[in-house]
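Student: I'd like to learn how to read a structure by eye and by numbers. Can you walk me through one?

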Amino acid sequence: MKPIEQTQRGIALSKYFFIPQRTIVAIMGFFAIVTGYTQRQCLSMAITQMVVHRNKSINGDSIVCPEEDSDKIQQGGGTYEWTEEEQGRALSFFYFGYIITHIPGGLMGDRFGFKWVLNGGLIWSVIATLLIPVTVYHTEHIGLTVMRIAQGLGQGVIFPTLSVMVSHWVPKNERGRLGAVIMGGGQIGNVLLFAFAGLLLDSFEWPWVFYIFGIIGAVWCLTFTFLCYSDPVTHPFIKPAEREYLVERIGGNIERTDLPPVPWAAIFTSSKIYALLSAQIGHDWGFYIMSTYLPKYYNDVMNLNIKSNGFYATFPFIAMWISSVSHGFVADILIKKNYMSITNVRKMMTTLAAIFPAVFLILASYAGCHRPMVVMFFTLTLFAMGGYYAGMKLTPVDLSPNYAGTIMAISNGSGAIIGWLSPYLVGVLTPGATLEEWRFVFWVAFIVLTLTALPYCLWESGEVQEWNDPDFYNQNKRARDEAKRQAKEAKKEAKRQQKEAKMEAERLKKEAKRLKVQG
């Protein structure tokens, strides 16, 4: 973005802000994810009150948990007779739209700044959220699936544009802390949604969940419009000292108006990118199953009523948020004190965030109907997963500050395919919603989480890649190509000379033999 000169009015206005503008931008980025996740997850709670409650009976060796209030009439259930697969389709097709706008969102964020791309996406999501109730009334699960795709289209730009925001506003030595705070907004969004949706659904009809959280999203969009700007050099009322500090610490990247085209060939031939994709897929497989299906697991398997469901569903996400912020502080200390390199910190955080959740998921499935144990193991699952936010979630910014939005779009978009696939497969694999069916789902998650961490440990880096500056990369590439060409020519010349020497030796040998015969 082109820098602007600050006016005296802007400098005077900056004195009324007692916290740095980069902190304000980070807070608004945090709430962007919070409001996005509340809209995304509304259906996870509401669907328990939309569909007809399934009456379970003991069938063979199947485990059926007792109802929480066995002396009361079973709560929950609505009027729509949708199969588990139809419900899974409605829940998972959000990610179909989510995938589509990832790369366009990243490209536009890199080129034009994150502000209006992010704001436009969330406005679109708000509109889709508010339209869901009337759509369901008229078209049931088919229209609901279409509106979920529409929600995804709007929210697909969130993480790519926020990666652009981090690269333009947060210095390297603060990225672990502020990056974890921002990217951890999804956990708080889930906490707020599950807690308040449980109370709303206990007292009001299910459409109110969509109306309330849609309105909250609209308030965020309005506030963000007036408070935030794409980078420090275009912010009209940032303190001059903070502006100078950020330009000095982040560098000239934020001022580039001549950013070359995305170096696609270099990106897609980099082992670092595929290591990142692998870790992203593992994270998203486990996290989306938990965030999308936890209320249904509590409702269908554990037989919790709607108030208890919302209450207990908050625990894992509170723990994950605390963990993600804590891991961010630890990561910053390790890097700042030079105890570990950025690369090793990212690898350690990501590996721990994959292995331990995989184990806790399995333990939760074997805890059976013991509710405190199940809640504890699910809480430990997401607590351990918090390390991802000081690990691979910051890798796009580490690898390429100039193209962080595009890299995040590629990685998060690939993970979003899993976000679409894993919840849909859960619906297919759990037609009876039994504990045994869910145990198989968790074993699959165990395998995915552990295997996808391995490439990240082997190949990932926390250093800026050469192709972050395409001009420099192309110059070096030409030099390397020229060196290869010269080496090839030298090799050919050496072979030619060797061949000529051999031919000359043969000629001399024949000549000597001829002279010997004549003599």
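Tutor: Sure. Keep in mind that this is a predicted model. Let's begin with the cysteines.

Student: How many disulfides does a search of the whole structure find?

Tutor: The idea is to look for two cysteine sulfurs within 2.5 Å of each other. Here the search comes back with zero disulfides. Take C228, which is in no disulfide: the nearest cysteine sulfur belongs to C221 and sits 12 Å away.

Student: Is C228 buried or exposed?

Tutor: The cut-off for buried is under 20% relative accessible area. C228 has 0% relative accessibility, so it counts as buried. C457 comes in at 26%, so that one counts as partly exposed.

Student: Okay, on to helices. How are two packed helices described?

Tutor: You give the angle between their axes and the distance between the axes. Try helix α14, residues 306-336, with helix α15, residues 342-366: their axes come within 9 Å and cross at roughly 155 degrees.

Student: What does that angle tell me about how α14 and α15 run relative to each other?

Tutor: Angles over 145 degrees count as roughly antiparallel. At roughly 155 degrees, α14 and α15 are therefore roughly antiparallel to each other. As for handedness, the crossing of α14 past α15 is right-handed.

Student: Which residues make the contact?

Tutor: From α14 you have H327, V330, A331, L334 and I335, and from α15 there are I342, V345, R346, M348 and M349. Sorted by type, the residues of this contact are eight nonpolar, one polar and one charged.

Student: Now a single residue, please. Where is V157 found?

Tutor: Look in the loop between α6 (115-155) and α7 (158-169). V157 has a relative accessible area of 7%, so it is buried. To see what surrounds it, skip residues up to four places away in sequence: V157 then touches T101, G105, V117, L118 and G121. You can also check C-alpha distances: V157 and F114 are 43 residues apart along the chain, and their C-alpha atoms are separated by 9.2 Å.

Student: Which helix holds T161, and what does T161 touch?

Tutor: T161 is in helix α7. With a relative accessible area of 0%, T161 is buried. Leaving out residues up to four places away in sequence, T161 touches G105, F114, V117 and L118. The C-alpha atoms of T161 and W116 are 9.5 Å apart, with their positions 45 residues apart along the chain.

Notes
Residues are numbered from 1 along each chain as its sequence is written. This is a predicted model: local features need pLDDT of at least 70, side-chain atom pairs count only at pLDDT 80 or more; totals for chains, interfaces and linings use all residues. Side-chain values use heavy atoms; hydrogens and water are left out. Buried means under 20% relative accessible area, exposed over 50%, partly exposed in between (1.4 Å probe, protein chains only). Axes are lines fitted to C-alpha atoms, for helices over the stretch in contact, and angles run from 0 to 180 degrees between N-to-C directions. Helices (H or I, at least four residues) and strands (E, at least two) are DSSP runs, numbered from the N terminus. Angles under 35 degrees count as roughly parallel, over 145 as roughly antiparallel, 65 to 115 as roughly perpendicular and the rest as oblique. A crossing is left-handed if the near helix is turned anticlockwise from the far one by less than a right angle, and right-handed if clockwise. Contact means heavy atoms within 4.5 Å. Ala, Val, Leu, Ile, Met, Phe, Trp, Tyr, Cys and Pro count as nonpolar, Asp, Glu, Lys and Arg as charged, and the others, Gly among them, as polar.
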